Amino acid sequence: MNRTDLLKAAQGQGKLVELYTDADDLEKFAAGIVLAMDDERLILSSITESGAYDGLVLFPLDSILMQATDTQYLKKLERLQAADAFPPVELPDIGRLDQALLDYAARRQLVVSVELLGSGYYDCRGLVRQAGPECFLMDALTVYGEADGVRLVPLKNVTQIACDTSDEQIIARLIGKRA
């Protein structure tokens, strides 16, 4: 068995998974459905503890310390999950999951937050103008929804991307992009 077998099986069945990525606090984890996966990364369609959709998060597979399925917690989420908890997501078939997620966010005008070089926090956030095979261009925003310049970011520096999670949804509401 390799590190992706459980994730691939869950993805194929549309099952919820728990992903543990914080070595300092294994009580914290992300829950959701594996939307896409390649040899280096996966995109999780996240769900909150109350069963609501909570955006898309790109994780490096190397950051996943432990994964779980069929837990009591996930069974609770299945019972709480709204019928529309996971909206349909059509990622472009680009070959790179990071670029595909950024392109998806640009087309839908969704706010993203980006972690660089494994910093442990989101280093920049905003609206993606354009995503290419080597870098992406974004109109940066503060957590208060104010413009904060333009960023050109090499994809090789990106370790995590959050798109349309509750934090990004707040910023989107502040700038009037979504209700």
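**Exercise 1. Describe the largest pocket and its lining.**

Start with volume: the largest pocket holds about 770 Å³ of space. Next, find its centre: of the 29 lining residues, Thr21, Ala30, Phe59, Tyr122 and Gln160 are the closest to it. A pocket is an open set of points on a 1 Å grid over the protein atoms alone, where a 1.4 Å probe fits, with protein on both sides within 12 Å along at least five of seven lines; lining residues have an atom within 4 Å of a point. Then sort the lining: 12 residues are nonpolar, 10 polar and 7 charged. Finally, strand 4 gives the largest share, 4 residues. Strands (E, at least two residues) and helices (H or I, at least four) are DSSP runs, numbered from the N terminus.

The model is predicted: local features need pLDDT of at least 70, side-chain atom pairs count only at pLDDT 80 or more, and totals for chains, interfaces and linings use all residues. Residues are numbered from 1 along each chain, and side-chain values use heavy atoms, without hydrogens and water.

**Exercise 2. Trace the sheet and find its edges.**

Read the order: 5-1-2-3-4-10-6-7-8-9, an open, antiparallel sheet of 10 strands. Strands 5 (66-68) and 9 (147-154) are the edges; each has a single partner, so one side of each lacks a neighbour in the sheet. Pairing requires at least two DSSP bridges. Now zoom in: strands 3 and 4 pair over 6 bridges. Leu44 stands opposite Val57 in strand 4.

**Exercise 3. Is Gln99 buried or exposed?**

Locate Gln99 in helix 3 (residues 97-108). Its relative accessible area is 8%, so Gln99 is buried. Buried means under 20% (1.4 Å probe, protein chains only), exposed over 50%.

Notes:
Grid points are joined across faces, edges and corners, and a volume is the space filled by probe spheres set on the points. Ala, Val, Leu, Ile, Met, Phe, Trp, Tyr, Cys and Pro count as nonpolar, Asp, Glu, Lys and Arg as charged, and the others, Gly among them, as polar.
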